[in-house]
Amino acid sequence: MKNRARILAYPYIVWMIIFIVVPLLLVLFYSVTEGNINDPSSLSFSLKSYTRVFDIMYLNVIWKSFKLAIISTLFCLILGYPVALIISTVKARYKNIVLMFFLVPIWMNFLLRTYAWMSILSPNGFINRLLTFLGLPPLQIMPGQTAVILGMIYNFLPFMVLPIYTVLSKIDKSVLEAAMDLGANKIVTFIKVILPLTVPGIISGITMVFMPAVSTFVISQLLGGGKELLIGNLIEQQFTVQRDWHFGSALSIILMIMILISMAIMSKVEKDDGNGGAPIW
Amino acid sequence: MVKFLKRFYLTLIFIFLYAPILVLIVFSFNESKSRGYWGGFTLKWYVELFRDRDILKALYYTFLVALLSSIISTVIGTFSAIGIHNMGLFTKKMALNINYLPVLNPDIVTGIALMTLFVSLNMRLGFMTMLISHTVFNIPYVILSVLPKLKQMDKNMTEAALDLGATPSYALRKVIIPQIMPGVITGALIAFTLSIDDFVISFFTTGSGVTNLSILVYSMAKRGVKPSINALTTLMLLTVVILLLLINKRTTKGDELIP
Amino acid sequence: MKRTSILLITCLFIFASLLVLPGCKQDKVVLNIYNWGEYIDPELLEKFEKETGIKINLDLFETNEHMLAKLETGGTQYDVIFPSDYVIEEMIKKDLLAKIDFSNIPNFRYVGDRFKNLNYDPTNEYSVPYFWGTVGIMYNTEMVDEEVDSWDILWKEKYAGKILMLDSMRDTIGVALKKLGYSVNETDPGRLEEAKQLLIQQRPLVNGYYVDEIKDMMINGDAAIAVNWSGAAMDIYWEGIENIRFVVPKEGSNLWFDCMVIPKTSQHKKEAEMFINFMLDPENAYQNSLYVGYVSPVTEAFERLMQENPEVADMDAYNPSEEVLDKCEVFIDLGDNRPLYNRIWTEIKVQ
């Protein structure tokens, strides 16, 4: 039965090779060649695209992308962890409703959410009208880096809260009771018991925020006014305006490798903490 | 005191999350096109919404692709998950690692890779390429949802069924699938949601006038948005809230809201 | 349970097939058009569809560079495209365009002679003029109280955060080149470096680099000055807004021509030519010019709008004088120098 059942996966293996492996190999191929992509005979091996990335100008872009992503992820963590905590302590009757309303923004289209933010942050948008009405000076944050960070936090906050909440809700209440019985007050319980147990959730949340944040081009395009070019924008431009597929492919491969390395580091942290955090005392 | 702080903070966060959307909704009833002035109450943008060919076309393609790709990916994903589940350790690992690449990769890389494939094959970018691309990134999520259920499944039941004379396909239909059904449904829902919301991958793999809602809003955000988009936001919010309320009613225990 | 699931799946299938069916009636000829945003009156498209029964599919692009990249990617099939002068030059060199059969375009006689046989298409076999204009400074008279006559105003501290630049490589680098007194087709690396430094210097004062967003931002008062194409200002004027003016600076600027071309890969050349002919009809050209705001090369349409609105005869945005036009240059294809411009443009955007 087992052997027969395996056949069920074979068509998908073929599919995966065609639509997952081959495309990535093609991108890798373009990244190490130069010449006209429409004329295969003109292509020759070259690492020029990769060496070009080491120009300080492009390294700055990569650095900026990481910087903004890290800042946004940190804010999401700091703002989001309490939210997860609070929701998990809400009375069971209301918990579902609260959670549901928290999920609604996620289900709304991502572009619409970003556009909504554009609307209220713009120089003559809602926030500035309100400020002027109250006699306060108008905000000049859009377009700009601050607006981009705000946009990232706004879009990705729920993705930080959900994994943490999931882990929190699975914590055995009796463990908490035991800690209290042993004399720990709420704060100590939190630091020594709850926090370590939620580490997998935190890691999950960080992954789900950091990865799209570092590779986005929509948020930086719409909220940055064409002045905040992140690595995602750079890649997008190579294909939609600059017509330099080789450089774009090299950038994509580098982005992919950086993400995979970050994830590997994350899972290592999770493994180490998993062993240390399991025994409570 | 602590309770008050908790409620206060939660309320703040909710205001933060909903404020932009609510502002859009309020302005969807605004007579004036401006984003700052109130010109009077009107429903004309809602009427405009239903007459706007571009918006309706985008909505049509968004739903069509989401529906088709989630159905296709659920079917392929479920059967493939069963197949992978029964593989030897090494092949299973290999298959899973490749399978999860679209999940791990930033979507811009997946989108560009797929575009490169289609262009190299001289395929015309349009509906088919968009559908294929959506299916490519949907299937891994289906597998992600179904595999745990397969692992939790009682192996003995399948063997018992076979011993009792069931054909493998009968066992599949009557024994395996019912047990993994929650995972299948979750997978289908995730696939559908991801498809509806997708921007980057669709952006790179579509053409020939085929757009979806996200691509439309993106070009509008750059071109000067039509106020009918505000009306669309309102309707979307209503739909999502109603849907979630319905789902909430069905999950009585309230613990399966997040799979 | 079983019955409900069968019912559900059946409903799903019916729903799905209902969605797919409308897309199945593909017998009519469909013309795929690739144009700039807000650059053609949708009513004219409907009119064409009614008159000829040919359906039109309109795809939009933001700048010439976007359009070229999409075409080079392949996998597209357009029948009529609306590129600018220097791009047509490149497309002809790369043998991407079909020779137009002018016997199918009798309305070509309505186009003014000075728009024919221009340097990018000397034998005029591949392109048909559509709109033309200049690049200049658009400003809000309520926010700018001084005279605007030079590119220098875009570098003034007092307008920091209220300056909009075009997210278009040739146009923006061209502005800097003109300010320095060089040609917009400059290829000397030293001079281009100067232009680059000038634009990098300007960055802190610039609100952002946009294309289509500029019109709304200027109307809303989000910015005080912007670099833009002449027709955009006319468009705002036709909407009845009086406080946005346009001027071509004294240092000179870019003169451009957008034309209709038919790519070699088009499968509906005759219908494409029918469409081009339709757009050149003086009545249609007039309506189009009024809607889009840009200036038509069809003499009758151009003069009719001027007769009905005599004040536009003095506007740089509608009827630039000989003096102004003398100082303007048309872009030419950069050819092998394009990577140099690309690199400079990236360096400016990436600061």
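How many residues of domain 1 of chain C are in contact with domain 2 of chain C, and how many of domain 2 are in contact with domain 1? The first legend has the answer. Keep in mind throughout that this is a predicted model.

**View 1. The two domains of chain C and where they touch.** Here 19 residues of domain 1 of chain C are in contact with 16 residues of domain 2 of chain C. On the domain 1 side, α4 (85–93), β4 (127–140) and α10 (282–292) of chain C each chip in at least two residues. The largest share of that side comes from α4(C), which gives four residues. Sorted by class, the domain 1 side has nine nonpolar, four polar and six charged residues. As for the bounds, domain 1 of chain C takes in 28–132 + 257–312, while domain 2 of chain C takes in 133–255 + 318–349. Taken over C-alpha atoms, the centres of the two domains of chain C sit 25 Å apart.

**View 2. Helix α8 of chain C and its surroundings.** Is helix α8 (residues 230–238) of chain C mostly buried or exposed? Eight of its nine residues are buried, so the rest of the structure largely encloses α8(C). The buried ones are C:S230, C:G231, C:A232, C:A233, C:M234, C:D235, C:I236 and C:Y237. Their cover includes β4, α7 (213–220), β7 (225–229), β8 (244–247) and α10 of chain C. Look just past the helix as well: α8(C) is followed by C:G240, which has a positive phi, near 95°.

**View 3. Helices α5 and α6 of chain C packed together.** Two packed helices are described by the angle between their axes and the distance between the axes. For helix α5 (residues 169–179) and helix α6 (residues 189–202) of chain C, the angle is about 105° and the axes are 9 Å apart. That angle makes α5(C) roughly perpendicular to α6(C). From α5(C), the contact uses C:T172, C:I173, C:A176, C:L177 and C:K179, and from α6(C) it uses C:A195, C:L198 and C:L199. By class, that comes out as six nonpolar, one polar and one charged.

**View 4. A helix of chain A meets a helix of chain B.** Helix α6 (residues 110–121) of chain A and helix α1 (residues 2–27) of chain B have axes that come within 8 Å and cross at roughly 80°. α6(A) and α1(B) are therefore roughly perpendicular to each other. Which residues make the contact? On α6(A) they are A:A116, A:W117, A:S119 and A:I120, and on α1(B) they are B:P20, B:I21, B:V23 and B:L24. This set splits into seven nonpolar, one polar and no charged.

**View 5. Where chain C touches chain A.** Each of these two chains brings 18 residues to the contact. On the chain C side, α3 (64–73), β6 (206–210) and α13 (338–349) each supply at least two residues. α3(C) has the largest share of that side, with five residues. The chain C side has five nonpolar, seven polar and six charged residues.

**View 6. Chain A by itself.** Chain A has 14 helices and two strands. Its radius of gyration is 24 Å, well over the 19 Å that the globule rule gives for 281 residues, so chain A is more spread out than a compact globule. Along its principal axes, the C-alpha trace of chain A spans about 75 × 75 × 35 Å. Buried residues account for 45% of the 281 residues in chain A. Take the contacts in chain A between residues at least 6 apart in sequence, and 68% of them join residues at least 24 apart.

Technical notes
Residues numbered from 1 in each chain as written. Chains lettered and ligands numbered in written order. Predicted model: local features only at pLDDT ≥ 70, side-chain atom pairs only at ≥ 80, totals over all residues. Contact = placed C-beta atoms within 7 Å. Nonpolar A, V, L, I, M, F, W, Y, C, P; charged D, E, K, R; others polar. Domains from an automatic or database assignment. Axes fitted to C-alpha atoms, helices over the stretch in contact; angles between N-to-C directions. Parallel < 35°, antiparallel > 145°, perpendicular 65-115°, else oblique. Rg over C-alpha atoms; globule rule 2.2 N^0.38 Å. Buried ≥ 20, exposed ≤ 12 C-beta atoms within 10 Å, placed from the backbone.
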